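Ready for a few warm-up exercises? Take a look at the model below, then work through the tasks one at a time.

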Amino acid sequence: MSNKDALRELQLRLASRLQAARERPRSSGWLAVECASVGLLLPLTQAGEIQPAHAVTPVPHAKPWLLGVANVRGQLNAVLDLGVFLRVRPPQTPGTPLRSGAQLVALNTQLRVNCAVLVDRLAGLRDADQLELLAPEDSSRGRPPFAPRQWRDTQGRQWDELDLVALVRDPLFLDVAA
């Protein structure tokens, strides 16, 4: 099986699991992603369409974390490079191809925000019963409002929970002009 076929199969599996997860009631559920090797948890209720990152049209005079716009299922979405926005990776040089394996995760259409976040890798789905909530004193101080909590999985890896609604309302996000 080629890498493209394997990636497509993973995307289809994740999409079907994401849909099943939305249909089943649960207390917490996240799509786990990575940006510059940092583990991030995106709430399933806030995540939407997932697709490979390919054609992103640059937007002139935008902040370095605003890569441009992309078509996600016929909908034009602003593309936020999550790694750059979170300051875990430097901005790309304009014209540089997107990282291999990068994915776009569009915000749920019910949020009425035409935005997709660029992530390096999908890491599957997580539930609260698979994770241990870290006490505020165990996690770094001064967390932004869009990253309210940290969790630890059974392998000891830390995951930052992101509230995508709070992220798109953050003053830094709202100030998109360079």
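**Exercise 1.** How many salt bridges does the structure hold?

*Solution.* Keep in mind that this is a predicted model. The count comes to twelve salt bridges. Let's pick one apart: the side chains of Glu34 and Arg121 meet at 3.0 Å, N to O. That pair links distant parts of the chain, with Glu34 in strand E1 and Arg121 in strand E8, 87 residues apart.

**Exercise 2.** Work out whether Glu34 and Arg121 count as buried, partly exposed or exposed.

*Solution.* Step one: buried means under 20% relative accessible area, and exposed means over 50%. Step two: Glu34 has 13%, so Glu34 is buried. Step three: Arg121 has 41%, so Arg121 is partly exposed.

**Exercise 3.** Which parts of the chain does the salt bridge between Arg99 and Asp81 tie together?

*Solution.* Start with the contact: the closest N and O atoms of Arg99 and Asp81 are 3.4 Å apart. Arg99 lies in the loop between helix H2 and strand E6, while Asp81 lies in strand E5, so the pair ties together parts that are 18 residues apart in sequence. Asp81, at 0% relative accessibility, is buried, whereas Arg99 is partly exposed at 23%.

**Exercise 4.** Find the side chain of opposite charge nearest to Asp153, and say what that tells you about a salt bridge there.

*Solution.* First, locate Asp153: this residue is in strand E10. Next, the nearest side chain of opposite charge is Arg126, 5.0 Å away. A salt bridge needs the atoms within 4 Å, and Asp153, though buried, has none. Finally, a polar atom of the Asp153 side chain lies 2.9 Å from the backbone nitrogen of Arg157.

How values were computed: Residues numbered from 1 in each chain as written. Predicted model: local features only at pLDDT ≥ 70, side-chain atom pairs only at ≥ 80, totals over all residues. Heavy atoms only, no water. Helix = DSSP H or I, 4+ residues; strand = E, 2+ residues; numbered from the N terminus. Buried < 20%, exposed > 50% of the residue type's maximum accessible area, 1.4 Å probe, protein only. Lys, Arg positive; Asp, Glu negative; His and termini not counted. Polar contact = N/O pair within 3.5 Å; in protein donor to acceptor, adjacent residues only side chain to side chain.
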